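Please open the model in a viewer and keep the selection panel at hand. The tour below proceeds by selection, with a description of what is found at each stop.

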Amino acid sequence: MEAARAEAIGFGLEASSSDESERRLVEAAQRGDQRAFAQLVALHDRRVLRIALRLLRSPDDARDAYQDAFLKVYRKLDTFRFQCRLNTWIYRIATNVCLDHLRRRKARPEFGALETAEAQGRSPLQLAADARPSSSPERVARSGEISDRVELAMERLSDRERLVFTLRHYEGMRLREIGEATSMSEQAARQSLFRATRKLRKELHDVRS
Amino acid sequence: MSAPDGPPPLESNLLRRRIQLYLYGELGFAERSEIDCWLEQDPEFRELFLDERAFLESLSASALGPEPEPLLDSCREALGRAVAEVPAPCRRRSLLARASAARSRVAAWMAARPLAWQAVGATAMLAIGFLAGRAFSPRAFLHSLSAPAAAADRTLTGIEAVRLDPVSDRVRIVIEERRAISGVSSDPTIRGMLLDTVQGAHAGARLTSLDALRVQASDRDVREAMLQIMLGDDDVGVRLKAFEAVEDYASQPDVREALVQTLHRDRDPGMRVHAIQLLREHPGRDVAGPLQELVERESDPLVLQETLRILDALGASMERY
């Protein structure tokens, strides 16, 4: 029964990118249309998962954060009144969920998944992608050398610095968008970015591509 | 960074920040131009720029990797199952329903209580009404009302007047409305509007309407409208268009009568030439008299020559007796 309902939700649907069609999808989802919600998820979940992987550095934690974030989106969707762009609203929820996960994780003594990933010298993104047939062992090993150093350097950053750097450098979001998505001013986001790059430069002074 | 057109002597970290913002596309046009200028003219700044770019590229290169597709698929499946177990997000509506049910319960309770208790009940009902009003979002309701209709073909272009009847408290608003209607010219509504338009003020609309009506020139009312245009429109282009629309019916008495009138009344030589040539293609004794009359007063040599030819072909005299 559950499987049939999940199938009906249709999470593999192609998504339209225009603002107007997205607005219609939001309105339909607010009326309880689960297919519309599935299409909204398909529009934004790839980036949410990437952000979660980069911040949490554990596929299992990223999967949990993904689910927590989109369930919150689903439950709160009827309160969304288009005061901001939908993606900004989703990323705000997702980044808050990730930061909560990081806070909870710090309270835990063990750091299982992350330690496993680092011990293998592969980033969580690479671990998550290992199941793909195109991921050759040589490619994983080559990129893993630099990636491992960057992962360790990123570990030295504060949660907020890592969040801002990830959104700006890896996700290509504008500082203004980052400010909106993380509930900070654009200036504060800019300062976090500068601090993050200064620390990374210090840690990685001998690494060049 | 000592070149005359180079950057001011800033700390290396501050320059790196500027370069970083430049590389991330966060600078405005003027600031970008300034960096471009320093790059061209200051080798020391260029070296710093290249170093910063190489550093950021090294971070990007290290992050390059395939998309986590298998993980994404499993996340979507899990989310699909989780969403199916969560009730639909209709929290506000259910609050309203709950408030309404509570109000009914309080009303039933009040009916069975003494008067003093009923005052307490009334206060409770007011509170429930207040909370229900807050829970129900009128914005969402208004928004659904304002959603555009699927086949909307009209726009409001202005409000001409607003009148308030103070007795009934009713408002009358006179609105100027712009509508777009489409369909085939044989559609009764379209046909009627085209017949109105051929007598309208806009010459371009008259021309297009005549074109659209041309296929219906066999209809008496349509042809009558066209002949009126042919004889009376101020614009010679529109008169010519009406002429072309009826030329296939040159053997019809109403059209022949209009052609003769054109020869006598139209000031445009081109129209008169067209009329006489059409009559020459469709000669008949019925036009002999008017043509004899035309010979006496026609000044255009081509029209006169054609008229004489027709009279000759008809075996009619060149003069009226």
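Begin with A:Phe82, which counts as exposed because 12 C-beta neighbours lie inside 10 Å, and 12 or fewer is the cut-off for that class. The model is a predicted one. A:Phe82 belongs to the loop between α4 and α5 of chain A. Display its backbone: phi of A:Phe82 is near 65°, a positive value in a residue other than glycine. Most residues other than glycine have a negative phi.

**The other loop residue**

Now select A:Arg57, in the loop between α3 and α4 of chain A. A:Arg57 also is not a glycine, and its phi is positive, about 55°. Is A:Arg57 buried or exposed? It counts as buried, because 24 C-beta neighbours are found inside 10 Å.

**Chain A as a whole**

Colour chain A by secondary structure. The chain has 11 helices and zero strands, and from the N terminus on its elements run α-α-α-α-α-α-α-α-α-α-α. Of the 209 residues in chain A, 41% are buried. Taking the contacts of chain A with a separation of 6 or more, 66% are accounted for by residues 24 or more positions apart.

**Helices α4 and α5 of chain A**

Two packed helices are described by the angle between their axes and the distance between the axes. Select residues 59-76 of chain A, helix α4, together with residues 86-107 of chain A, helix α5. How do these helices pack? The angle is about 135°, and the axes are 9 Å apart. That angle makes α4(A) oblique to α5(A). The crossing in which α4(A) passes α5(A) is right-handed.

Next, show the side chains at the contact. From α4(A), select A:Asp61, A:Ala65, A:Asp68, A:Ala69, A:Lys72 and A:Val73. From α5(A), add A:Ile90, A:Ile93, A:Ala94, A:Val97, A:Cys98 and A:His101. By class, the residues of this contact comprise eight nonpolar, one polar and three charged.

**Two residues of α5**

Centre the view on A:Val97, in helix α5 of chain A. A:Val97 is buried, since 24 other C-beta atoms lie within 10 Å and the class begins at 20. Leaving aside residues up to four places away in sequence, A:Val97 touches A:Ala65, A:Asp68, A:Ala69 and A:Lys72. Add A:Phe70 to the selection: its C-alpha atom is 9.9 Å from that of A:Val97, although the two residues are 27 apart along the chain.

Remain in helix α5 of chain A and move to A:Asn87. This residue is partly exposed, as 18 other C-beta atoms lie within 10 Å. A distance label to A:Val48 is useful here: the C-alpha atoms of A:Asn87 and A:Val48 are separated by 9.7 Å, with their positions 39 residues apart along the chain.

**Helices α2 and α3 of chain A**

Hide the previous pair and select helix α2, residues 19-30 of chain A, with helix α3, residues 34-56 of chain A. Their axes come within 8 Å and cross at roughly 135°. The two helices are therefore oblique to each other. What is the hand of the crossing in which α2(A) passes α3(A)? It is left-handed.

The α2(A) side of the contact consists of A:Glu22, A:Leu25, A:Val26, A:Ala28 and A:Ala29. Facing these, α3(A) contributes A:Ala36, A:Phe37, A:Gln39, A:Leu40 and A:Leu43. The contact of α2(A) with α3(A) has eight nonpolar residues, one polar and one charged.

**Chain B**

Turn finally to chain B, which contains 15 helices and two strands. In this chain, 21% of the 321 residues are buried. For contacts in chain B between residues at least 6 apart in sequence, 54% join residues at least 24 apart.

Select residues 12-23 of chain B, helix α1. This helix has 12 residues and reaches 16 Å from its first C-alpha to its last, close to the 16 Å expected at 1.5 Å a residue. Which residues of α1(B) are buried? They are B:Leu15, B:Arg16, B:Arg18, B:Ile19 and B:Gln20.

The last selection is B:Gly25, which follows α1(B) and has a positive phi, near 70°.

Definitions and conventions:
Residues are numbered from 1 along each chain as its sequence is written. Chains are lettered from A and ligands numbered from 1 in the order in which they are written. This is a predicted model: local features need pLDDT of at least 70, side-chain atom pairs count only at pLDDT 80 or more; totals for chains, interfaces and linings use all residues. Axes are lines fitted to C-alpha atoms, for helices over the stretch in contact, and angles run from 0 to 180 degrees between N-to-C directions. Helices (H or I, at least four residues) and strands (E, at least two) are DSSP runs, numbered from the N terminus. Angles under 35 degrees count as roughly parallel, over 145 as roughly antiparallel, 65 to 115 as roughly perpendicular and the rest as oblique. A crossing is left-handed if the near helix is turned anticlockwise from the far one by less than a right angle, and right-handed if clockwise. Two residues are in contact if their C-beta atoms, placed from the backbone, lie within 7 Å. Ala, Val, Leu, Ile, Met, Phe, Trp, Tyr, Cys and Pro count as nonpolar, Asp, Glu, Lys and Arg as charged, and the others, Gly among them, as polar. The expected span of a helix is 1.5 Å times one less than its number of residues.
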